[in-house]
Structure formats: structure tokens, C-alpha cells
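Please look over the structure shown here and work through the exercises that come after it. Each task is followed by a solution in steps.

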Number of protein chains: 2
Amino acid sequence: MRILACALLASLILTGPAPAAVEQWGVFEASLTGPADRNPFVDTQLSADFTNGHQTISVHGFYDGGGVYRIRFMPPEQGRWTYRTSSNHPELAGKTGSFDCSAPSPGNHGPVRVSHVYHFAYADGTPFVCIGTTCYAWAHEPDAIEDQTLATLKESPFDKVRMCLIPSLADPVFWPYQRDADGKFDPTRFNPDYFHHLEHRIQQLADQGVQADLILFHPYKKFAMSFFDRLDDAGDDLYLHYVVARLAAYRNVWWSLANEYGQVKHKTDSDWDHFFQVIQADDPYQHLRSIHNAAKFYDPNKPWVTHACIQNGSAVADFGRAVLYRDLCPKPIVYDEVCYEGDIDRRWGKLSAEELVMRFWLGTIGGTYVGHGEVYSHPPLGIDWTAGGGKLAGQSPPRLAFLRAILESGPADGIEPIDEFYQTHYGGKAGQYYLVYFGKDSPARWRFMLPQDPPHKTALAAGMPFHVDVLDTWNMTITPVDKIYTLAKPIDSDFPAEGDATVQLPGRPYIALRIVHWPDFSGHDR
Amino acid sequence: MRILACALLASLILTGPAPAAVEQWGVFEASLTGPADRNPFVDTQLSADFTNGHQTISVHGFYDGGGVYRIRFMPPEQGRWTYRTSSNHPELAGKTGSFDCSAPSPGNHGPVRVSHVYHFAYADGTPFVCIGTTCYAWAHEPDAIEDQTLATLKESPFDKVRMCLIPSLADPVFWPYQRDADGKFDPTRFNPDYFHHLEHRIQQLADQGVQADLILFHPYKKFAMSFFDRLDDAGDDLYLHYVVARLAAYRNVWWSLANEYGQVKHKTDSDWDHFFQVIQADDPYQHLRSIHNAAKFYDPNKPWVTHACIQNGSAVADFGRAVLYRDLCPKPIVYDEVCYEGDIDRRWGKLSAEELVMRFWLGTIGGTYVGHGEVYSHPPLGIDWTAGGGKLAGQSPPRLAFLRAILESGPADGIEPIDEFYQTHYGGKAGQYYLVYFGKDSPARWRFMLPQDPPHKTALAAGMPFHVDVLDTWNMTITPVDKIYTLAKPIDSDFPAEGDATVQLPGRPYIALRIVHWPDFSGHDR
């Protein structure tokens, strides 16, 4: 009788303080107490339906240890939301509540979505210019280093960070699973402390405007992998369900199924399909989903993949390459690993800053996105940025900030290749906005010319006026040219300027031109 | 009564002489007489089951005009085959017969299939090195020109020709449909004369060892297109069923659904899916199926596409490009149009022969295949080779013959990229055979080095001996280097030769090296 009474009492009480006002795309959390015996991670099903009257969203709850269950919800609209729980435990079922969702605070634009086929935008329509970096284990470090990483990111151009959920360090502060006295992991019991910590860091990234591109599996650190690689099917599903239930309400989460997925042992091709499907089914908000390759590629055209996450430095190492994947995959192409800025004696870790910045520009004019990484042999805190965060030592980040600023004042629907079959150094928006990039070439002048790809044959016409800025992408200067160029008649598909006008260039490498239709092009404001 | 008796009599007689001996992958043909009234193209269903005891193959027959019906069959195995017909007309149903299938004659290797994921082989296992050309309307010309085209092909390196089924000329000798006195086409009545002629030419190609890459739809010549573009769904299906019934028995047929498919008006994306499915269902032999793009690409990963047929000159215009489509499409990649050798004032028709040959080599080392085209402003017979065949005027064909000979003595399973992420000028078979291509560079010496892509980390080891030939791909010479190179210890993933040995080069452009494991690499014999 006493046990029953306690259970009844617990079932009526939402633990913790009443939720503070929740903003649109913020995290609402309901806490409930329930059974702590047996194995609540496995035995208890908990979910809730949230409705604002015209849409209903079902979310899974999760066990957070100590008899506490939580249900998180990211409201996609402002106004009054109510909810009702369901559970296989009567004391967790039928709980109801409500809250008011307020306007998003400045800087909160909602989750990022695919936009204009090959690009991204936040839920509120603000374009998302993806300038990512990689810090695999940054959230598994001591607090002082993690705080330093956040501080570094705050001063950096990076708006996305690739980070592992399963630690890739030998001795992380927390593991996601509980261990016994011998250090053996229990595949049926998660470690709430691990997740509390991770969630705190993800929220801090959100507050700083950084996307958390969460890598769910990876092949690194053999000791731990002999556990994580070999979860059975039920273990894999339990892991994915739990992670999505806990983290999907954070607006800045992206799901990256794996790093170098083909090297994750004991998982088959159909396992990866299944993992995508589990996440697609569980995630009420349909956060972005991708998977990262080594030698073997996963087909990004599969319907559950939202964008291609590609490791291939060669694809952005010269003109005319980046664009090609777009032809076979009408989704955003993110070259999330293109080798790293650094000085180590590995072929993937010795790019000059100039080379890495060039790869970003080559990807950009190809209508794709490029990611940053850094591995110096004597990093500032003794930690490689890309392994574990800390401080940046390289010279590329300010130049990537320059690129980001250029893109943020560019076409709202993203940079498209202009004429991929014939003119591979142009990107932009036909008729309105062009970036012309010269890479390592150092021309002293450039004969003005805009190509017209036949499919866009109405974009240009003789007589149209254009303004030119000379961009020094390395020295980060913008020099307007004091002249308006007027298109002459085309030769084949190419429009020179009247009088065969030229643009004077500084004779240095890494120069680009920004050519905009005058005077009526205006970029988007953030 | 007389009519009935005639019908009965006709139904018992197979018209024409008894079939000659049919060789494996040759064409067996049974002729039957049947109803000629109403519209036999639409009203009569005819098929036959062929069996050799352990496999049964169902094929469709077709109406060939004048009360004659035919059933064609390409026997895939030697020995005795028997058949029985089915029809909705009693006089065509239940006919039986048999024939003996003999060994294939020399040069008959059967139809071409996909082999080793990215490559091709004939049904008898002989590798097919795809060196294609394009002559859109060659089979719609007067006989003298067509005979000249066949003679030209016989002396050429080309083993595949892209050719339109629907004429792209304003005044072809034959149209595939019957016309009324006003020249109006009847979408329900085909013109047997057109097909007799086409079949004769296809068989002649087969006899010469040339694949007929048949283009079923295209957007050219507006007059005729206002008919062919606008067949209704039933008309499209009738066309496809008829073409497959007539032509599938020719071993050298490939189905190319369209040229520049996105520009074929009045056909939707789902139409193209459906057309593929119709052919896939009708064709008993599963000949290769593809579709050719202009600006818009069709997803070659769709299950009914056997290989990618790509128009994109840029993809083979420099190193490191061709390979990229392979990453997203694990099928043979055929760059069937990469601009043409020629001198006309259009950007797609003014490649130098040197440039076109280079594009073949760049495609080859990327593990892909490239196609030839030629448009000179003063062609030999007044006909552009690529528009209508005739005579070749360009300088690339002998160099493509040189390439073909190199490939025919190379690895039987095709040229694979060796290390696409870091060393884009190597192709071959790891550990056994390498082609190193220098393009427009003119080095005077080359420091011997073989890269080892980490996924193939057992292919190379210090101490392995290699022999080198210097290939001048333009002057068509093979110069053996009088030295055996022995691998030294690797530096990162690259193996130099002992003593840091170098190879002397002629200091001209378009040089390649052929590096083979010594002495035990041997290519395949044809």
C-alpha cells in the first residue's frame, strides 16, 4: 500500500521548478518522477503530444537517472502549447501541462534547413552561410579547455562544429554509458552525467550561433570501439532512440551518422540505412542528416540524407571539381573535410593557410561549402584544434571570416556555379551577382567578361551595367573599381564590356572580383 | 468460308526460307503470316517463349507490314532451342519451331555488360574498352554515305557509335512512322522500310564490332519534333514496345533513352522513369540503358540505369575531375560528349585534336570512359562526322587507336584511379599496373614514385620491381626504359624507387608512363 501511495504521489508531481518562459525554437522541458527500479532506460516508454491547436507534435521522453524522466520539446511556433504524456507506466501517463512560447531572442533564427536545393537557411528564412570547423572531442575535455574552445569559437568565423558524441579520446571526462567496477560498459544503461554535460555545451553553442554537427559513430580509439562498434541491433537502436529523445529539442543539432563510416567495423550498409531511418522516424523536427566518408561513399541521394557531407580535399583543390558532385546530388554539398591547415608530417595535415583558404573559395564558386580543420605540431594548449578544440594557431580563420562576410552580403539564395561546363572560375547568381576567382594565378589585368550559360539565356543582355570590387581574399581588402562596366554584344555565349574594358588587378595570387548589377543588387541583411 | 480457309492455311505456314544456322548471340528470326486488316501494329499481340530446357526466355514479336509478323531471338547459349508462340489472333498462336545454336563466329563476343562496377565486358568475358564516337543521323543518309561511314568506322578506333533512332535531319531517306498524303505522321503505324534499313545497318555495325548506342528521343529539328515530342502516353509506349521487339535481338544494341533529355519538351521526369521501366521490362537481354543530359542531370543511381552517359567536357578538361562522378555513382561513367574536335565558331565545336585526346586520357586515368565527336567547317563530304557520319577529317582518331591498344593490353578489369584524394594523375591497378599522365606539362625527368592509397595498403611494399615504358600519346610511340625500378621504403604513403631513381622524359606535352610490376604483369589478350 505504501509503495502504491508513493507511486501515485510521484505521478502527480512534475519535479523541478515551473518552466521559465520558452522562446520559439528554444527548449521546453517537463520533468516527471517515475520508477527507478529494474532498468528504466529499457523498460519505460514515455512520450508526449504537444499541440497548439492546429498542429500536434509527438516527442519521446527519456530517463535521466534517479527516478527522473524528462520530455523536451522545441516549439516551432509562438503561442500557447499544451501537452499530454503517454507511457507504459501509469504514473508517467496522462500528465498534462501547458506553456506559452514567446518570440525568439535576437540571434535565434531556429534550426537550419535545406534551402534552394543546394544551400541552407534558418527556419526564419535567414540564409545560413555554412563555414564549419571540426573539433572531434572538444566536449570531452576538462571544463577549462572547453570554455576556451567556446571562447575561441566566439571570435572565429565558424558557425558549425563537427563533434563526436562517442568520445574519441582515451580518457574523456565522461562516457555516455555506465561502467562497472572493471570498467566494462553496460549497453543498456546510459550515463546521465555525460549527457547533462553535453547538453550544456550544445546549448552554449546554440547561444553563440554555432551548429552542433553531432557525429554518432566513428572508428577511432580501438579500446572504446570494441564496445561501441559491437553494440547489437537492439543496442544500436537504444542508443539512437535515447540520443534523439535527449537532443532533438536543441535547435542547433545536426545528425552526422558517422565519421569515415566505411571504417566503422561491424556495421553493414543496411545498418546505416536503418540508423538513418530510426533518426528520421524519431526526430520530430527533421534536423539535417548526413554521413561522412573515407574511401567509400554513402549514396547521398538516398531519401533520408538531407545533404552530402564529403571528405575529399582533392575536390576543392583546383577549379572545376567541386561542382561535379552537385550534378549527381541535388542537395547541399558540404566538403566537411578537405585536409587541414597545419604542419604535421601527414599528407592530410600540412595545408598552408593559403591553400586551405583557396579551397574554401574554390568550393564556394562551385556552389558548395567547405569545412576547416587545423593540426599544428605545437598547438597552443598542446591540443590539436581539430582533435580537441582549445585555441587556434592558424592563419586561415580571419580569411574565412572575410569570406563569410562576403557571402553574408551576397545573394540570399546562395552562390551557384554560373557556367560549369565552360567557365569554371565564376560563381554567383546569373544576371545579378558574380564572384570571379583567380586562385594562384596573379594576373595584372582582366578583360571584363560575363558568361551566359544557355539555360539562363535571359539573364544577361547588352547594355546592362555592372560594378566591380577587387577582393584580395588573403589580405582581406575590398577595392571598388571607379567605373561602371556596360555589357557589349555577346561573342558566342560570353559578354565582354563595351570598349573591351579591362579591370586592373594587383598582380598577386588569391584575388577575386565581385561584380554586381548596378545599382539594384542588394545582398541580404542578417 | 473462303476467308476462314485462307486464314487457316496462312496460320500453318512459316513464311520465308527455313532459318540458317544461328550462332550464339546472333539473331534467330521466325516469320509468320497473319491478319493485315485493321491496324496490326496496335491490335495484334504476339510473343514467344524460347527454351533450351533449362532456361525459358519470353520475347515479343512485331508486325512487319504486308501481313508478315516476325519474332526475333538472340540465343544466349549454344545448343537446341525450341519455341512456341502466343497471340490474341488464333492464326499466330501456338506455332512452334526449333533451331540449333552454334558457336559464335570470331569477333562475336556477345552483348556488352557492366563489369567490375565501373567497367564493361562482353558476355563471353572479353573486356570492352569503350572508345565511342557520335554520328547522330548516320543511318538516315543515302546509301553511299552510309557505306562510307561504315568504311570509316572500320578503319577507326571506335567501338561504339551514338546514333539517333528518330531522324535529326530534315529530310531523312526514311521516317520510322507512316505518313499520309499531307505528310502527317500516324502515331499508330510504323514504317517497316525504315526499320529494315536500320536493322541492316545495326547488323553491319555488329559485324564490324561496333556497339549501336541507340538514342530513342532527342530535341532536335523542330518540325518533326512537334510530332515525336507530343506522342501521348499510349504513343510513347507503343513506340518503345515496337522498337524493343524489333531491335533487342541485335547483340550490339544499347538503349540511350534520350540526347539532352531535359530539352525534350512535353516529357516529364516521371515519363523518363517510365520509359526506362518499359524497356527494362520488355528487353529479354537487358541491354545497357542510359540517358544523356544537357544542363539537367538524370540520377544515374536509379536502378534501371546501367551506366552514366554524361555530357560535360569540363569534367575531363583537367586532372582530378573525371573521377568525382564515380564517387556518387558506382556504375560505369561514360563522358559521351566532351565537346568536339573541330574548328567551328561554337564553344562546343572547336577542340584541338590534342585537347580531345588529352580529355580521353584524363577520363581514362580517372577510371571513366570518354567519347569522340568531330565538326569541321569544311568536312570531307560536306557532312559533319558527328551530325551524319561520312569521313573523318580530324587528327584525334589515330591517337585514340593508340590509347585503345594500350588499354587492350592493360588490366582486364579496367583502369581504376589509384589515389583520387592526393595523386590525381595516376590510374591503373594498384600494385600491378600504373598509367601516369602528365597532360600539357612537359617535364624532362620524373622522380619515380608510386602512391599507396590507404585502402589498398597491401598493394605495394619496399623491394617490389617495376618496369617503365614512356608513352608519347600524341606521337604514338612506346619507349621502354632500360632499367628495373625497385621500390624503396615509403615516405608517408608514397613509394620512391631505390636511389631516388628518376625517369628521363622527352620534354614534350602529352606524355604518359606505363609502369608494370616486373616481370609478372600480363595484360589480357583479345
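The exercises below treat domains, helix packing, sheets, the chain contact and some backbone details.

This is a predicted model, in which local features need pLDDT of at least 70 and side-chain atom pairs count only at pLDDT 80 or more, while totals for chains, interfaces and linings use all residues. Residues are numbered from 1 along each chain as its sequence is written, and chains are lettered from A and ligands numbered from 1 in the order in which they are written.

**Exercise 1. Describe how domain 2 of chain A meets domain 3 of chain A.**

Step 1: Chain A is assigned domain 1 (2–102), domain 2 (127–408) and domain 3 (416–517), with bounds that come from an automatic or database domain assignment.

Step 2: The centres of domain 2 and domain 3 of chain A, taken over C-alpha atoms, are separated by 35 Å. Across their contact, 17 residues of domain 2 of chain A meet 17 residues of domain 3 of chain A, where contact requires C-beta atoms, placed from the backbone, to lie within 7 Å.

Step 3: On the side of domain 2 of chain A that touches domain 3 of chain A, helix 9 of chain A gives the largest share, seven residues. Helices (H or I, at least four residues) and strands (E, at least two) are DSSP runs, numbered from the N terminus.

**Exercise 2. Determine how helix 9 of chain A is oriented against helix 11 of chain A.**

Step 1: The axes of helix 9 (residues 353–365) and helix 11 (residues 396–408) of chain A come within 9 Å and cross at roughly 20 degrees; axes are lines fitted to C-alpha atoms, for helices over the stretch in contact, and angles run from 0 to 180 degrees between N-to-C directions.

Step 2: Helix 9 and helix 11 of chain A are therefore roughly parallel to each other, a term that applies to angles under 35 degrees.

Step 3: Residues that make this contact include Leu356(A) and Phe360(A) of helix 9 of chain A, together with Leu400(A) and Leu403(A) of helix 11 of chain A.

**Exercise 3. Trace the strand order and the edges of the seven-strand sheet of chain B.**

Step 1: The seven strands form an open sheet of mixed pairing in the order 1-7-6-3-4-5-2, and two strands pair if DSSP finds at least two bridges between them.

Step 2: Strand 1 (22–23) and strand 2 (28–33) of chain B each have a single partner strand, so one side of each is left without a neighbour in the sheet.

Step 3: Strand 1 of chain B pairs with strand 7 (residues 96–102) of chain B in the parallel sense over two bridges, and Val22(B) stands opposite Cys101(B).

**Exercise 4. Locate His116(B) and describe its phi.**

Step 1: Three strands of chain B form an open antiparallel sheet in the order 8-9-10. Strand 8 and strand 9 (residues 119–122) of chain B pair over four bridges, with Tyr122(B) as the bridge partner of Val112(B).

Step 2: His116(B) is found in the loop between strand 8 and strand 9 of chain B, and its phi is near 50 degrees, a positive value in a residue other than glycine.

**Exercise 5. Which residues does the cis peptide bond of chain A join, and how many residues of each chain enter the contact of chain A with chain B?**

Step 1: The cis peptide bond joins Trp518(A) and Pro519(A), with omega about 0 degrees, and Pro519(A) lies in the segment after strand 32 (511–517) of chain A.

Step 2: The contact between the chains takes 28 residues from chain A and 28 residues from chain B. Helix 8 (residues 322–328) of chain A provides four residues, the largest share of the side of chain A that touches chain B.

Terms used
Two residues are in contact if their C-beta atoms, placed from the backbone, lie within 7 Å. Angles under 35 degrees count as roughly parallel, over 145 as roughly antiparallel, 65 to 115 as roughly perpendicular and the rest as oblique.
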